[in-house]
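This is a short walk through one protein model. Look over the sequence and the structure before reading on.

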Amino acid sequence: WIHYFAIESYGSLVVSLFWQYINAQMNLKEAKAQYGLIVAGGQVGAISGCTLVVSSRTLGVAELYYLGGILTLTPPIIVYFYLKRFPIVAANSTTHGAAAKRVAP
């Protein structure tokens, strides 16, 4: 039961945090252009995740846990490289804490 609770709560938490982060980083124009691609990537992940679970007899449950642990570490690495590629520049001080702008490369 502990594994089930951990996986289900982690999944809900990560999805919520992901969308909060994306909404904080994109303006409306960027969101209209990119959200379809993000959702399509999520669907591919859902399909491939189910395929891995079905093949757990071949791969083994322990190996799938290791794979899940490794995949859990990839989002912070992706965010790190994203922020290096598109650094945040502070907004003008006269705007009193308005949203920061993202610099295009």
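The bend of a helix at a residue is the angle between two axes, one fitted to the seven residues ending there and the other to the seven starting there. In this predicted model, helix α2 bends by about 40° at Gln 34.

The bend belongs to a chain of 105 residues, of which 6% are buried. The protein chain holds four helices and two strands. Read from the N terminus, their order is α-α-α-α-β-β.

Helix α2 covers residues 28-54, which is 27 residues. From its first C-alpha to its last, α2 reaches 39 Å, close to the 39 Å expected at 1.5 Å a residue. At the start of α2, Asn 27 places a side-chain oxygen within 3.2 Å of the backbone nitrogen of Lys 29.

Helix α1, residues 2-25, contains Ile 22. Is Ile 22 buried or exposed? Buried means under 20% relative accessible area; Ile 22 has a relative accessibility of 10%, so Ile 22 counts as buried. Ile 22 can also be placed relative to Tyr 35: the two are 13 residues apart in sequence, and their C-alpha atoms are 9.2 Å apart in space.

The surface offers another place to look. Ile 7, Val 61 and Tyr 65 form a nonpolar patch there, with about 300 Å² of accessible area together. Tyr 65 lies in helix α4, which spans residues 61-85. The relative accessible area of Tyr 65 is 42%, and Tyr 65 is therefore partly exposed, a class that lies between the 20% limit for buried and the 50% limit for exposed.

Notes
Residues are numbered from 1 along each chain as its sequence is written. This is a predicted model: local features need pLDDT of at least 70, side-chain atom pairs count only at pLDDT 80 or more; totals for chains, interfaces and linings use all residues. Side-chain values use heavy atoms; hydrogens and water are left out. Patches are made of residues with over 30% relative accessible area and no salt bridge: like charges are joined within 9 Å, nonpolar side chains (Val, Leu, Ile, Met, Phe, Trp, Tyr) within 5 Å. Accessible areas come from the Shrake-Rupley method with a 1.4 Å probe; for residues, only the protein chains shown count as cover. A salt bridge is a side-chain nitrogen of Lys or Arg within 4 Å of a carboxyl oxygen of Asp or Glu. Buried means under 20% relative accessible area, exposed over 50%, partly exposed in between (1.4 Å probe, protein chains only). The expected span of a helix is 1.5 Å times one less than its number of residues. A polar contact is a pair of N or O atoms within 3.5 Å; within protein, one must be able to donate a hydrogen and the other to accept it, and residues adjacent in sequence count only if both atoms are side-chain atoms.
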